[in-house]
Each structure stands twice: as C-alpha cells, then as structure tokens.
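Biologist: Got a minute to walk me through this one? I'd like to start with the sheet and then jump around a bit.

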Amino acid sequence: MTLTTTEDGTASDLIAGADPLRVLDALFVNAPLRDYALRPRTNDYTLPVLGMAYIATYAQQAGFHVGVLDAEAHGLGIDETTHLINTVRPRWVGMNLLAPTYEMSARIAADLDPEIALMVGGHHARAMPDRILGDPRMGNLRALVIGEGETRVAALLADERRRAELPGVMWRDRLLGTHAAGIARDKADWLSPDIDALPLVNREFLPQDPYGADDGRTEANIVGSRGCPYDCGFCGAAVSANPDVKIRPRSPEGIVDELDHLHETHGTTAYRFVDDLFLGAKRVIVPQMEAFSRHKIGDRYVWDATGRINVFDRLDDAMLDTLKANGLREVALGIESGSDRVLAGMDKRITAEMTAQVAARLLARGIGVKGYFILGYPGEKQEDLDATVRHIHNLWAIADRHASGRFRASVFEFRPYPGTPIWKTLTDAGYEPDTLLAYSDVDLTADGADESMRQRDEFNFSVGVQFGTVPLPKLRATLAELTREQHDRNRPGVAA
C-alpha cells in the first residue's frame, strides 16, 4: 500500500528520505515561518534542519522508516502541510517548536488526524512545557521531549509506554488532565548522547543540503559541537537556559572524516559550521586546527563558522594565520551593539573597541566577518542606537581598507524568547507572556528598502513592543536603512 503519495502525486517529492511504498513510523515536520498560502515566499533557500536530520538518521539506523517534511524549505501553507501529513498517515509526527513559529506548529497540530501520535521538542518545548501540554490544539501530543532527542525519540518509536522511564519526557494524562514526566536512574545516556558515536547525518533528509552556492561551489552545513558556555541575555542557547546540555565538541578527526565523506559523495568543497559556537574556546580551536593542518584542509576546502569576539581577541597572530591557512573563509560574530552599556546589559563580555580590533585582524588576513546586531534591546536609548549605527559604518570602513576581507552586517529587531535570561527580567517587570509571544514578521520594504530584500522579512520578527526609549517606527527605519546599505554593498563592483 502506498501511503506517501497524495492525490496530486507530490508527497514523495516533498517528504525527504522516505520510501513512498512503505508506511512511515515517523514524519518529522519543520513548520513554516509563516503561512505561505497567504503570501508566497520569495527566497529559495533556508538553513537545513540539521537537528531534525540527526534524529531522523538515528531513528533510521535503529530500524524505523522515517521521513522529513521541511515545510519552510518548500514554502508550504498551513493547510497544505496538514493535508499532506494526514494523507500519508505516519504513526508519529515529530515537530521542533520554536517561539516565532509556535503558532504555525500549533495550527498544524490542531488538524492532525486523531490516530496520529504527536511528539514535540525544541527550544520552546524546553522553555514552556506546561503551557504547551495545556494547549487544547495539542490534543494528539503523546510526548514532549526536552533536550537532545536522538536516543529518546527512537525509544518512543519502539514503544510509547517507555516514556515513563525516559528523563526529560513529559505528557498529559488524558483521563486526569495532569502532567507527568518520565524518570530514569541514568540520565546522562539519554540527555547527552555521545556525539562522536552518532551516525553521520543522512543528507537525504535535507532537501536543500548540500546545495549550489553563488560562487559555484557545492556547499554543505555541518555541526562541529553542541552547547554554549556563555549566558548572553537574549539567546535561547544560553547556558542558564540549558543546564542539562553539556558543552561537547566533536572529535577533530571525526569532523575531518565528515568533510571528506561529503566531498566524496556530493562533491562539496565549502562548508558552514552552524553550531552555536564552533570557534568558541581556545581548547577546542587548537586541536581542531592541528587536525585540519595534518589533513591539509585549507588546500582542499573553505569553511565558515561561528565564533566569539573575546576568544578571538586572545588568539595570537600565529593562530589567526593558521585559521586562514586552514581554509577559514568567514566567521560569524555576535557583535550585537556599538554601545558598551548595552553590551554589558546583555552579558556579552566584549566592548565595541574589542570588536573593531578583532575585525581588523581578521579582515587583514582575508577572513570575512559577518556581524550580528540587535536593535531595540531593553533599556536601549537613542545614543546607544546611534553608537551601533556608527559602529557598523566603522566596521565597513575597516573592511574597505582591507580589500581582501569583507564585513557583512546582519541587523535584527530585538524579540524576546522564553527561557532566556532577559525573558525572566521582562516578565518580572510585568510584561505578560502572551504579549511577549505575539510574534509577527516585519516587512522592511515598508520603510523604502529594495524590493529584492523582501526575503529578509522571513528572518525579521517583532512582538510590536518598544523595549527601549527609541520609538518603534524610528527603530525600524534605522533597521531598513542599515539593511539597504548592506544590500547595496553586496552588489558586484561595490566596496566590500
């Protein structure tokens, strides 16, 4: 019996990694950022759901037939997504819950066939489990999984009754209406699996990875570590929000093996490390670069990664030269603000001067820098915003003096996430959770930005609350102006 083909025959094209002739044990669904039936998406690429693919790969190797439906990557609407799920009728549906897309996920969950069991995980599930378990739209919910899910998801697929012995798994008792949680004696094996023992991600679960990059290379995304040791106030990966997540880098040799495996099977020569913080500690960077040097990675590949400004500030010139020689093409840094006062409030442990110094050292070596910035952080004043604008222009100027390196500014409006340090500060100050969860996308073109930048609104969310002293219309006009300037700098022939 064919269960993964809809009436129009498109399901087998949309569900990644599954055999269309077999019943699905589980379909892992990435909800769209918004309902694309109302306004189609304009960009044709989104970051792959690597975490979901890890879970799917582990379940597959445990003997289960699973697939991934990335509704965001395919630009699906809510009704289309739900119809497809109900048509293929998997035993389980798994969803990763994120605060900005929770409403999309809940709408999909509300219309699932009652015979389909639902499991959920993700940052939002960790931050607000009781709220999710109490949501009437989650009537099919059988398991809420907090933290890294590979081993526990496979156990649930084998036998739902095992949830009672699985730590970090919660559910709602249908008869009593109470919430229950699994209990286990040995939590470590379940909550922090050995990442070097996990199988390499089966890329068949990722419809857009590897992919053809603009420079003609075939590029893939990769995870080199899990966890983050820092506690930035706005971040869902903050250590205080994830006390059970141990900071674990993969073995350098294992990472090299995956790079080579991807090259051999897909022809990749470029990679992007999408961990929370790949280049976030010298004790990790040194052995990783030793392995990259041994295997002459820089002669064969280029790669991008996330990093920490304070860590790079302490690296000597020899290590920066080694990073460049080993293929580092661009490092993404959380710069966030040009105001030292705001940076201190975020617990960033950096200064604007430190950022400029680090950027100059990287750019001088031809290593690109992508800087992330947040406008409208709680307590931000007009002078703080002005300092951020000046800081971005200064970093562009530094890049212009170093023709071999490019600086890119990626600017966002502040939005609060449950479970983060700043969330507690805001709720303690009297903000209602419902208000802080009312995410909506921001259309930058409304402030005169280039129409070709409309795709940016899929990465800009707001709850419509003014958290600093700068009025929201002025904040968004600044956001649009900075984004337009960066867009112009991206064009061929413009200084970068």
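Modeller: What follows is a chat about a predicted model.

Biologist: OK, sheet first. What's the strand order, and is it open or closed?

Modeller: It's an open sheet of 8 strands, in the order β1-β3-β2-β4-β5-β6-β7-β8, and the pairing is mixed.

Biologist: Which strands sit at the edges?

Modeller: Those are β1 (15-16) and β8 (179-181), each of which pairs on one side only.

Biologist: And how does β1 run against β3, parallel or antiparallel?

Modeller: Antiparallel: 2 bridges join β1 to β3, which covers residues 66-70. If you want a spot to click on, Ala16 has Val68 in β3 as its bridge partner.

Biologist: Let's move inward. What does β4 pair with?

Modeller: On one hand there's β2 (residues 26-30), which pairs with β4 in the parallel sense over 4 bridges. β4 also pairs with β5 (residues 117-121), again in the parallel sense, over 5 bridges.

Biologist: Give me residues for those. Which one stands opposite Trp92?

Modeller: Ala26 stands opposite Trp92 of β4. For the pairing with β5, look at Asn96, whose bridge partner there is Gly121.

Biologist: Is β4 mostly covered or mostly open?

Modeller: Mostly covered. The strand spans residues 92-96, and 4 of its 5 residues are buried.

Biologist: What's the handedness of the unit that β4 makes with α5 and β5?

Modeller: Right-handed: β4, then helix α5 (residues 102-110), then β5 form a β-α-β unit of that hand.

Biologist: Sticking with α5, which pocket does that helix help to line?

Modeller: The second largest pocket, where α5 gives the largest share of the lining, 3 residues.

Biologist: How much space is in that pocket?

Modeller: About 290 Å³ in the second largest pocket. It is lined by 19 residues, and the closest to its centre are Ala99, Tyr102, Glu103, Leu437 and Tyr439. The elements that give two or more residues to the lining are α5, α7 (129-133) and β18 (440-441).

Biologist: What's the mix of residue classes in that lining?

Modeller: For the second largest pocket, 10 nonpolar, 2 polar and 7 charged residues.

Biologist: New topic: helices. How many residues of α8 are buried?

Modeller: 8 of the 9 residues in α8 (residues 150-158), so that helix is mostly covered. Among the buried ones are Glu150 and Arg152, along with Val153, Ala154 and Leu157.

Biologist: Now the odd backbone bits. Where is there a cis peptide bond?

Modeller: Between Asp209 and Pro210, with omega at about 0°. Pro210 is in the loop between α9 (188-191) and β9 (211-212).

Biologist: What's the phi of Arg89?

Modeller: Positive, about 50°, although Arg89 is not a glycine. Arg89 lies in the loop between α4 (78-88) and β4.

Biologist: So that loop takes us back to β4. How accessible is Arg89?

Modeller: Arg89 is partly exposed, with a relative accessible area of 39%.

Biologist: And what about the phi of Lys296?

Modeller: Lys296 has a positive phi too, of about 55°, and is not a glycine. That residue is in the loop between α11 (282-294) and α12 (297-300).

Biologist: Why does Lys296 count as exposed?

Modeller: Because its relative accessibility is 51%, and exposed means over 50%.

Biologist: Great, that's what I was after. Thanks!

Notes:
Residues are numbered from 1 along each chain as its sequence is written. This is a predicted model: local features need pLDDT of at least 70, side-chain atom pairs count only at pLDDT 80 or more; totals for chains, interfaces and linings use all residues. Side-chain values use heavy atoms; hydrogens and water are left out. Buried means under 20% relative accessible area, exposed over 50%, partly exposed in between (1.4 Å probe, protein chains only). Two strands pair if DSSP finds at least two bridges between them. A crossover is right-handed if, with the strands pointing away from the viewer, the path from the first strand over the helix to the second runs clockwise. On a 1 Å grid over the protein atoms alone, a cavity is a set of points where a 1.4 Å probe fits but cannot get out, and a pocket is an open set with protein on both sides within 12 Å along at least five of seven lines; lining residues have an atom within 4 Å of a point. Grid points are joined across faces, edges and corners, and a volume is the space filled by probe spheres set on the points. Ala, Val, Leu, Ile, Met, Phe, Trp, Tyr, Cys and Pro count as nonpolar, Asp, Glu, Lys and Arg as charged, and the others, Gly among them, as polar.
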